[in-house]
Every structure is written in C-alpha cells, then in structure tokens.
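Q: I am new to this structure, and I would like a close look at a single part of it. Could you pick one strand and walk me through its surroundings?

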Amino acid sequence: MNRIVTLSLSMTLLLTSFVAVNGEVDAPELKWYGIEEVQKLTKERPKKVFIDFTAKWCGWGQVMDKKTFTDPEVAAYLNENYYSVKLNFDSPDTFEYLGEKYTAKQLAQKNGITGLPTMLVASPDFKKVERIVGYQKPKQFMNSLKGFDE
C-alpha cells in the first residue's frame, strides 16, 4: 500500500513539473505564412488575411509577440479564420503583392501605416483592408478581430 501511495505521488509530481516547464500541453501555436504563399492560398481556400508589421525596435510589438499571439484563444481563432503573415518593417527584401514589388515598409506606407505596432486585416481578395493600430492585449485583440466578422 505504501508503494502505491509513493508511486502515485511521484507520478503526480512528474506530471505537474512537466506541465509547469512546458506550459499547456495542447495549446495551439499560431501558424505564420509568407505573403506570396498567402496570395495563392486565398485563391484555393478563401480566408481573410492578417498581416502583422514587426520590427526589433518596436517594444509593444515584441510584447504582442510574447503575450497576444501566443494566447491559445488568439492562436486558435487566427489559425481557423485567417492566414497570418508577419512582415519585418526594416527588411530590404522585396516580395510580390497583387502584381507589384514591395518591401514591408513600402507596403506599410501604401496602407497608411505611420507607426508600429499596426496590423492589417484584408479580405480574401485583398480589396478591403482595415487596420488594427497599437498594442492590444489578447481579449482586446480578439474583440478587434471579431469586429471584422460582422
């Protein structure tokens, strides 16, 4: 009987420490796509597009990366309803967007972005583009995203 109690306690401690070290076992991870890949995917399976403009120097953007985009509810909702793209504002790399070449900074400027963090939500055909401006906690961010569903 003593061995069963000891074994049971050991297993409980082991499982508790595993969850404490690894976080939630089944927490979804946000899937990020490339901007050119998303333009192809929306033709095959239309979904809205979420574009996050990021930069190493943007402190609030870094906080959103760590807190908002890792939130299980946010990740699951974005994965289900959007193709998510992360663009480095400072990258000199160009990509094709709707038949034209851009850097992330040029695309941001084309969409009236003057500061970070700013994110875009585009319709599957990219004809309607809306902005989410500034740092948002997970709950606030979810409310913003769901506002585009209406």
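A: Let's begin with some vocabulary: helices (H or I, at least four residues) and strands (E, at least two) are DSSP runs, numbered from the N terminus. This is a predicted model, in which local features need pLDDT of at least 70 and side-chain atom pairs pLDDT 80 or more, while totals for chains, interfaces and linings use all residues. Numbering starts from 1 along each chain as its sequence is written, and side-chain values use heavy atoms, without hydrogens and water.

The strand to look at is β6, residues 118-122. Start with how covered it is. Five of the five residues of β6 are buried, where buried means under 20% relative accessible area, exposed over 50% and partly exposed in between (1.4 Å probe, protein chains only). In a regular strand, side chains alternate between the two faces of the sheet. In β6, T118, L120 and A122 are on one side, M119 and V121 are on the other, and both faces are covered.

Now place β6 among its neighbours. Strands count as paired if DSSP finds at least two bridges between them. The open sheet has five strands in the order β1-β3-β2-β6-β7, and its pairing is mixed. β1 and β7 are the edge strands, each pairing on one side only. On one side of our strand, β2 (48-54) runs antiparallel to β6, and four bridges join the two. One of the residues to find here is F50, whose bridge partner in β6 is V121. β7 (129-133) also runs antiparallel to β6, joined to it by five bridges. You can trace this pairing through T118, which stands opposite V133, and through A122, whose bridge partner in β7 is V129.

Next, follow the chain into β6. The loop between α5 (104-110) and β6 contains P117. The peptide bond from L116 to P117 is cis, with omega near 0°. Right after that loop comes T118, a residue of strand β6 that is buried at 3% relative accessibility. The T118 side chain reaches back to the backbone oxygen of G115, at 2.5 Å. Contact here means heavy atoms within 4.5 Å. Beyond its neighbours within four places in sequence, T118 is in contact with I51, D52 and F53, with I113, and with R131, I132 and V133.

At the other end, the chain turns from β6 towards β7. Six residues lie between the two strands of this hairpin, and in it F126 takes a positive phi near 65°. F126 is not a glycine, and with a relative accessible area of 8% it is buried. Another residue that has a positive phi without being glycine is L98, near 55°. L98 sits in the loop between β4 (95-97) and β5 (100-102). At 48% relative accessible area, L98 is partly exposed.

Two helices complete the picture. Helix α6 (residues 138-147) has P138, F141, M142 and L145 as its buried residues. They cover an arc of only 100° around the axis (the arc of the directions from the helix axis to the C-beta atoms), which puts them on the same side of α6. K139 and N143 are exposed on the face turned away from that buried side. The buried residues of α6 pack against β6 itself, and also against β2, β3, β7 and the helices α3 (59-68) and α4 (72-81).

The other helix to find is α2 (residues 35-44), with I35, V38, Q39, L41 and T42 buried. Seen down the axis, these buried residues fall within an arc of 165°, so they line one face of α2. Across from them, K40, K43 and E44 are exposed. The buried residues of α2 pack against β1 (32-33), β2, β3 (82-88) and β4.

Putting β6 back together, you have a strand with both faces covered, bridged to β2 and to β7, with the buried residues of α6 packing against it.

Key
Polar contact = N/O pair within 3.5 Å; in protein donor to acceptor, adjacent residues only side chain to side chain.
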